[in-house]
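Grab the model and work through a couple of helix-packing exercises. Try each task yourself before reading the solution.

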Amino acid sequence: MKRLFFVVLILSTSIMAMGQDVNSQVVDEKTGHLMLMGEVNRQGMENMGTWFSDEYEAYQPQADVMAEIKSLNADFPHVFIVMGTWCSDSREQVPHFYKLMDAIDYPDSQVFVVGVNREKKADNFCLGDFDIHLVPTFIFTRDGKEIGRIVESPSITLEHDLLNILLGPASIH
């Protein structure tokens, strides 16, 4: 049932997104700064100031772990990210994630990002079924079924956590 849920959710999210603008900006009532809301892509984050490029460039993933990820030749999962451009953890971890994805030549088209406000809401996107309490939340799915998630900050490092998700629960490093 969970598998069907994710397939339906991804399809319905994609259909809903077709009628919406990508990288919509709204004012954060707390700070008065602009934040991204709804469907977000890398270009939208890059256009929000230097935080994306600064974090992307600064992050140096562990080469041995990245080599192990590359060696898996796995059917890499789809990734659904819920983030807030107002959130310091999102502003750190999401660029780091994209650096990892670039290192393994993973296409941006397999990553779907939703920007939320401080209440973890994103206009017309229904996120209630995803149990989102902290951002960023990275949800990895394969064949419509969740295989793992990273919430707010990695347990070890982003690349270690990703490797553990790809290897499955029986092989935690």
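Contact here means heavy atoms within 4.5 Å. Keep in mind that this is a predicted model.

**Exercise 1.** Work out which residues bring α4 and α6 together, and how the two helices are oriented.

*Solution.*
1. Start with the spans: α4 covers residues 63–71 and α6 covers residues 158–167.
2. Their axes come within 9 Å and cross at roughly 25°.
3. Angles under 35 degrees count as roughly parallel, so α4 and α6 are roughly parallel to each other.
4. For handedness, α4 passes α6 in a left-handed crossing.
5. Now the residues: α4 brings V65, M66, E68 and I69, and on the α6 side they meet E159, H160, L162, L163, L166 and L167.
6. Sort that contact by type and you get 7 nonpolar, 1 polar and 2 charged residues.

**Exercise 2.** Do the same for α3 and α5: find the orientation, the handedness and the make-up of the contact.

*Solution.*
1. Helix α3 runs over residues 51–58, and helix α5 over residues 88–103.
2. The pair packs at an angle of about 55°, and the axes are 8 Å apart.
3. That angle makes α3 and α5 oblique to each other.
4. Here α3 passes α5 in a right-handed crossing.
5. From α3, the contact uses W51, F52, E55, Y56 and E57; from α5 come S90, R91, E92, P95, H96, Y98, K99 and D102.
6. By type, the contact of α3 with α5 splits into 5 nonpolar, 2 polar and 6 charged residues.

Key:
Residues are numbered from 1 along each chain as its sequence is written. This is a predicted model: local features need pLDDT of at least 70, side-chain atom pairs count only at pLDDT 80 or more; totals for chains, interfaces and linings use all residues. Side-chain values use heavy atoms; hydrogens and water are left out. Axes are lines fitted to C-alpha atoms, for helices over the stretch in contact, and angles run from 0 to 180 degrees between N-to-C directions. Helices (H or I, at least four residues) and strands (E, at least two) are DSSP runs, numbered from the N terminus. Angles under 35 degrees count as roughly parallel, over 145 as roughly antiparallel, 65 to 115 as roughly perpendicular and the rest as oblique. A crossing is left-handed if the near helix is turned anticlockwise from the far one by less than a right angle, and right-handed if clockwise. Ala, Val, Leu, Ile, Met, Phe, Trp, Tyr, Cys and Pro count as nonpolar, Asp, Glu, Lys and Arg as charged, and the others, Gly among them, as polar.
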